[in-house]
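Hi there,

Here is the structure you asked about, ready to open in your viewer. My notes on what I found follow below it.

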Amino acid sequence: MLVSKLILHIEDNFDNRILVRRLLQSAGYHIIEAENAYQAAASLYKYSPDLILMDINLPGIDGYTLTHKLKTIPGVSKIPIVAITANAMRGDRERSLLSGCDGYIEKPIDIDKFLDQVSDFITNHKTRDGKFEIIDYKTGTAPKGRDPRKDLQLSVYALAASDPGIWNER
Ligand code: MN
């Protein structure tokens with residue numbers, strides 16, 4: 001049985017979003033998209049994706065900073081984050097791992113390999129601890145016994161306050 005996974009794609013470039021969306025949808029994934037750190041944080045307040053694909057060069061808060069922040073947030077820290085890194089010469093891959101990313105995929109993405117890379121990252125993290133779930137994205141309900149959304153909401157506000165520019169609509 002095909003179990004549909006949810007992927008959050010954080011990317012400010014429209015064309016890159018379309019390409020990744022088409023590839024992922026062709027394989028049956030559910031996708032949510034964010035163009036900047038604030039939209040990403042707002043999505044993670046509502047959804048608990050199985051994988052985050054993280055562009056590094058984002059307006060305002062960059063992908064390294066956002067990853068580092070997300071890895072400190074209960075309920076989010078266990079979600080694998082895969083950087084989409086463009087510049088090997090600049091050490092982007094090493095920096096992405098240092099910032100807390102669980103791996104990286106080179107940009108431009110190889111459309112023949114991309115879906116295998118994505119499914120590898122999801123498969124290798126499928127034994128996530130259920131207590132870190134935030135909200136079931138299908139039912140919209142929080143797990144019993146705790147409401148980690150409050151922690152996340154505070155973190156979202158702190159993140160936004162650290163760079164007021166990300167509030168601006170682009
Ligand atoms: Mn970008």
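Let me begin with helix H5, residues 114-123 in this predicted model. H5 lies across four strands, namely E1, E3 (51-55), E4 (81-85) and E5. Against E5, the helix runs at about 175 degrees.

Those strands belong to an open sheet of 5 strands, in the order E2-E1-E3-E4-E5, with parallel pairing. At the edges stand E2 (30-34) and E5 (103-106); each has a single partner strand, so one side of each is left without a neighbour in the sheet. On average, and ignoring direction, neighbouring strands are turned by 25 degrees against each other. In general, strands of a sheet pair through backbone hydrogen bonds.

If you want one pairing to look at, try E1 (residues 6-10) with E2: they pair in the parallel sense over 5 bridges. One residue pair to click on is Ile 7, whose bridge partner in E2 is Ile 31.

Next, please have a look at Ser 43, which is found in helix H2 (residues 37-46). Is Ser 43 buried or exposed? With a relative accessible area of 12%, Ser 43 is buried, because the cut-off for that is under 20%. Leaving aside residues up to four places away in sequence, Ser 43 touches Leu 8, Ile 32 and Glu 33.

Now to the metal, which may be the part you open at your bench. Which residues are the protein donors of the manganese ion? They are Asp 12 (OD), Asp 55 (OD) and Asn 57 (O), lying 2.1 to 2.2 Å from the ion. Along the chain, the donors follow the spacing D-x42-D-x1-N. Two of these donors can be set side by side: Asp 55 is buried, at 2% relative accessible area, whereas Asn 57 counts as partly exposed, at 45%.

Last comes helix H3, residues 63-70. At its start, a side-chain oxygen of Asp 62 reaches to within 3.1 Å of the backbone nitrogen of Tyr 64. In H3, Gly 63, Tyr 64, Leu 66, Thr 67 and Leu 70 are buried. Seen down the axis of H3, these buried residues fall within an arc of 165 degrees, so they line one face of the helix. As background, an α-helix has 3.6 residues a turn, so residues three or four places apart point the same way.

Do write back with any questions once you have had a look.

Best wishes

Definitions and conventions. Residues numbered from 1 in each chain as written. Predicted model: local features only at pLDDT ≥ 70, side-chain atom pairs only at ≥ 80, totals over all residues. Heavy atoms only, no water. Donors = N, O, S within 2.8 Å, 3.2 Å for Na, K, Ca; no water. Buried < 20%, exposed > 50% of the residue type's maximum accessible area, 1.4 Å probe, protein only. Helix = DSSP H or I, 4+ residues; strand = E, 2+ residues; numbered from the N terminus. Arc of directions from axis to C-beta. Polar contact = N/O pair within 3.5 Å; in protein donor to acceptor, adjacent residues only side chain to side chain. Pairing = 2+ DSSP bridges. Axes fitted to C-alpha atoms, helices over the stretch in contact; angles between N-to-C directions. Contact = heavy atoms within 4.5 Å.
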